[in-house]
Every structure is written in C-alpha cells, then in structure tokens.
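Please work through the exercises below with the sequence and the coordinates at hand. Each task is followed by a solution in steps.

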Amino acid sequence: MVAGTVTLIVGCERSANRVSPKLAPTPETDPLAQPKSLQQVGAPVEMTRAAIPPDNPQTPEKISLGQRLFFDRRLSVDGTVSCSTCHDPAFAFTDRKPASVGIKGRVGQRNAPTVLNALYNKTQFWDGRVNTLEEQAALPIVNSVEMGHPNLDAAVAQIAAIAEYQQAFQRVFSRPPNAPDLLRAIASYERTQLSFDSPFDHFIAGDKNSIDESAKRGWELFNNQGRCNKCHALTDTTRDVTNLIDNDFHNIGILFVQHKVGPLARQAEQLIKSGDTSAIDRAAIQSDMSALGRFLITKQEKDIASFKTPNIRNVLVTGPYFHDGSQETLWDVIDHYNKGAGLQNPYLDQDIQPLALTESDIDDLVAFMASLTSPTYKEQGATELARQRALSRTNRPQRDTARAFGPKPQQPAPPK
C-alpha cells in the first residue's frame with residue numbers, strides 16, 4: 001500500500017478511446033479506469049492490505065506502468081487486443097459478451113469475469129487454474145485465441161522495442177523490460193480496482209433507507225429460501241457482506257447435457273497429467289473441455305463441470321451471466337436456480353434444488369442484486385435494470401414454474 005491506508009493510488013495520463021499518434025495507446029484520465037480509493041463505504045481495509053503480496057508492493061509508478069500496459073493493444077501479437085478489450089472499465093471491467101473475442105476475431109469458450117475486486121479472489125479464472133493476479137495476467141498473452149504470442153518473451157520483446165517502456169521499466173524496476181516485471185505491473189494496477197460504496201453497503205453500515213423494501217426482502221430471501229447463501233456467504237449461517245463468495249467451486253447445471261463430459265474427462269486426464277498450466281488454459285478457452293471446469297485442474301470426479309462462485313458486486317452491469325455467458329438477465333439466472341436445474345446431471349451440487357420462489361420473490365432478489373451496484377455505474381445500472389425487466393416480461397427461457405414448486409428430481413448416479 002502507498003499513500004497511507006486510504007487510497008490505492010494515482011492516475012494515468014491518456015484514454016483508451018483517443019490514441020495519440022506520437023504516444024502509446026494508453027487511457028486518458030477516465031474516472032472509470034483510475035485506481036480506486038479505499039475511502040468507500042464497505043471497503044475492507046485490512047483485507048485489502050492483506051491482498052498485496054510482499055514480493056510485489058504497490059507503488060504509484062508501478063501502478064501507472066501497469067495501467068498503461070493494461071490498455072495497450074501492442075501487448076497482443078498483432079496490436080489489436082489489450083487486457084481492456086475483455087475487461088473494459090466502461091462495462092465494469094467486462095466485455096458484455098457471452099464469450100470473449102481475441103485476435104483475428106477468435107472467440108473463446110468462457111465469459112470474461114470482472115477485474116473489479118479480483119484482488120480478493122483466492123483463485124483466478126472460472127476454474128481457479130492459478131492463484132495470483134500475476135499468474136492470471138500471463139495466460140491471455142500466450143493464448144492463441146486471446147492475445148496470441150507464442151510465449152511471454154515474445155510479448156516482452158514487442159514491448160521492449162518501445163522507448164517509453166524501456167524508460168518506464170528502468171524507472172520502476174531498475175532493469176530492462178522482462179516478463180516477471182511486466183506481470184507484476186499489470187497485477188499491481190488490477191489490485192487498485194476495488195468497488196464498494198453501493199446502496200447495499202450503506203444499508204449494512206446503518207442507513208436503513210439506502211435500499212427499498214423490495215431489496216430488503218431480497219436480501220432475506222438471498223440468505224434463506226433462495227439458498228443463494230449456500231455459495232455466496234461465509235458459511236450457511238454467517239452472511240458475507242463484503243465479497244459474497246465462498247471461494248469454492250460448484251456444478252450448478254449450466255448446459256451440462258449439451259456436452260458429453262465423460263469422454264471429455266478422459267481426454268482431459270491425458271492432457272493434465274503434465275500439469276502444464278498453459279495447456280490447461282488452452283483447453284479451457286479453445287475447446288469443449290471448457291465444460292469440465294474445475295476438473296481440468298483437480299482431476300477429481302466431484303469437480304466435473306464445477307466453476308468458481310463469482311463475486312456478485314455490480315452483477316447488474318456485468319452480464320451476460322455464468323461461466324459461458326448463457327443467461328441474458330438476472331431473471332433468467334434466478335429462474336435457472338428456481339427450477340432446481342440439472343435434471344440429467346449426476347454431478348449437480350447437492351445444494352441445488354427447486355426453490356418455490358414466486359414472481360414477486362424473484363423481483364425482490366433482483367432488487368437486492370441491483371443494490372450491489374457501485375455509484376460509478378449507477379446510471380448504467382438503472383438503464384440495464386429497465387432493459388432486463390422489460391425483457392423478463394416477454395422472454396423467460398429458463399422459467400419452469402411446475403418444477404420450481406415440485407420435489408427435487410431424482411439425480412442419476414455418476415457413470416462408472
């Protein structure tokens with residue numbers, strides 16, 4: 001941490017939207033792209049300090065360099081894709097696409113999770129294949145569907161040819177550009193992206209008028225009948241008002257029947273014997289093995305098609321939803337859970353069952369989730385809530401009221 005305990009540091013100079021012909025294509029002082037202050041209601045000061053690794057302390061210069069790299073398309077092999085392509089501050093550091101698009105229009109298999117509050121994650125990516133933001137920053141650079149370099153050294157060579165980066169690395173690290181420092185700089189910038197101060201945070205802090213009665217009912221449903229707390233709480237009985245995650249992985253039945261996971265699992269076992277993180281990354285982004293989720297990492301049958309519980313702060317403005325971006329609205333998300341999902345899924349999480357939520361219950365749950373929107377995305381949130389609400393009144397592909405109010409379906413046994 002730098003500059004005391006109340007801020008995560010400094011700005012940058014230019015904008016991702018208007019590129020100077022003489023300088024690197026870095027952002028101007030766009031408020032959405034800037035490092036965020038710790039002076040936000042609900043921001044966990046001690047947890048934030050603990051998220052800064054001892055071997056990569058924050059400094060203003062390092063964060064500024066990381067910000068420049070994060071928005072620089074020259075970090076990709078053909079100069080068309082930056083980190084911000086998939087993690088755009090204008091979209092709450094997502095890309096609003098079901099699956100992200102990399103160089104040459106190549107489309108991956110996974111939805112881009114937000115960078116906001118990623119510093120608190122115990123693992124990174126939907127399958128948790130790495131632990132740190134430094135490790136996370138490396139893999140898109142060398143994935144042929146994303147930024148396309150054959151290895152990190154090639155990416156560094158491309159950056160090292162630019163005079164201002166030569167100077168910046170010398171200033172920050174006292175050495176020429178190199179792969180570990182490049183990743184340290186990007187991760188340092190990403191750790192400045194914390195997002196709190198929502199109406200819900202003010203409610204938890206004691207302002208009982210900061211959210212409406214519908215959102216209050218939704219918060220109670222979230223922790224009781226809705227069973228959201230089975231994944232989005234510290235424990236079944238202890239509510240989490242900070243990150244709303246359990247740092248675990250669950251099979252929630254998303255599009256399970258569209259994939260023959262048995263043969264995929266056998267293929268994956270051969271792949272992951274090597275423990276090659278880059279090979280796992282390619283399988284997750286470039287092939288149907290993506291559907292195996294956490295199994296790609298652990299090789300344990302119980303983890304087949306399990307994915308990480310996402311942080312749901314700013315969830316209203318970070319759709320579409322789930323690891324494959326298959327659900328367009330929060331009403332679709334709740335409909336999926338309401339019916340119990342996964343009729344033919346032998347690996348379905350034991351906590352998934354019909355919820356018997358009424359339409360008014362679902363509206364209340366959406367109201368609660370909307371209250372998790374940070375002030376910087378307030379206007380976007382209002383527009384998006386209206387759009388989703390209107391769509392939910394005419395199009396509900398996941399809705400199955402009969403199943404929602406019925407008994408839990410008999411779950412098939414895993415195949416031998």
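The exercises that follow treat ring pairs, charges over rings, a cavity, backbone geometry and one helix residue in a predicted model.

**Exercise 1. Classify the ring pair Phe-200 and Phe-368, and state which parts of the chain the pair ties together.**

Step 1. The count of aromatic pairs comes to twelve.
Step 2. In the pair of Phe-200 and Phe-368, the ring centres are 5.4 Å apart and the planes stand at 75°. Centres within 6.5 Å make a pair, and planes over 60 degrees apart count as edge-to-face. The pair of Phe-200 and Phe-368 is therefore edge-to-face.
Step 3. Phe-200 belongs to helix α8 (residues 199-204) and Phe-368 to helix α14 (residues 359-370), so the pair ties together parts that are 168 residues apart in sequence.
Step 4. Phe-200 and Phe-368 are both buried.

**Exercise 2. Classify the ring pair Phe-322 and Tyr-337, and decide for each residue whether it is buried or partly exposed.**

Step 1. The centres of the two rings, Phe-322 and Tyr-337, lie 5.9 Å apart with planes at 85°, so this pair is edge-to-face.
Step 2. Phe-322 is in the loop between β2 (307-308) and α13 (330-338), while Tyr-337 is in helix α13, 15 residues apart.
Step 3. Buried means under 20% relative accessible area. Phe-322 has 12% relative accessibility and therefore counts as buried. Tyr-337 has a relative accessible area of 25%, so Tyr-337 is partly exposed.

**Exercise 3. Identify the rings over which Arg-129 and Lys-208 lie.**

Step 1. Arg-129 is placed over the face of Phe-125, 3.8 Å from the ring centre.
Step 2. For Lys-208, the charged end sits over the ring of Phe-203, at 4.7 Å from its centre.

**Exercise 4. Describe the second largest cavity by its volume and its lining.**

Step 1. Two cavities of 30 Å³ or more are counted.
Step 2. The volume of the second largest cavity is about 60 Å³.
Step 3. Its lining includes Gly-340, Leu-343, Ile-352, Pro-354, Lys-408 and Gln-411.
Step 4. By class, the lining residues of the second largest cavity are six nonpolar, five polar and one charged.

**Exercise 5. Locate the cis peptide bond at Pro-320 and the positive phi values of Asn-247 and Lys-299.**

Step 1. Most residues other than glycine have a negative phi, and most peptide bonds are trans.
Step 2. The bond joining Gly-319 and Pro-320 is cis, with omega about 0°. Pro-320 is located in the loop between β2 and α13.
Step 3. Asn-247, which is not a glycine, has a positive phi of about 55°. Asn-247 is part of the loop between α9 (213-222) and β1 (249-250). Its relative accessibility is 33%, so Asn-247 counts as partly exposed.
Step 4. Lys-299 has a positive phi near 60°. The loop between α12 (295-298) and β2 holds Lys-299. With 39% relative accessibility, Lys-299 counts as partly exposed.

**Exercise 6. Establish where Val-172 lies, whether it is buried or exposed, and which residues it touches.**

Step 1. Val-172 is part of helix α6 (residues 163-173).
Step 2. The relative accessibility of Val-172 is 18%, so Val-172 counts as buried.
Step 3. Leaving aside residues up to four places away in sequence, Val-172 touches Glu-61, Lys-62 and Leu-65.
Step 4. Val-172 and Ser-64 are 108 residues apart along the chain, and their C-alpha atoms are separated by 9.6 Å.

Terms used:
Residues numbered from 1 in each chain as written. Predicted model: local features only at pLDDT ≥ 70, side-chain atom pairs only at ≥ 80, totals over all residues. Heavy atoms only, no water. Phe/Tyr/Trp six-rings, centres within 6.5 Å; stacked < 30°, edge-to-face > 60°. Helix = DSSP H or I, 4+ residues; strand = E, 2+ residues; numbered from the N terminus. Buried < 20%, exposed > 50% of the residue type's maximum accessible area, 1.4 Å probe, protein only. Lys NZ or Arg CZ within 6 Å of the ring centre and 35° of its normal. 1 Å grid on protein atoms, 1.4 Å probe; cavity = no way out; pocket = protein on both sides within 12 Å on 5 of 7 lines; lining within 4 Å. Points joined across faces, edges and corners; volume = space filled by probe spheres on them. Nonpolar A, V, L, I, M, F, W, Y, C, P; charged D, E, K, R; others polar. Contact = heavy atoms within 4.5 Å.
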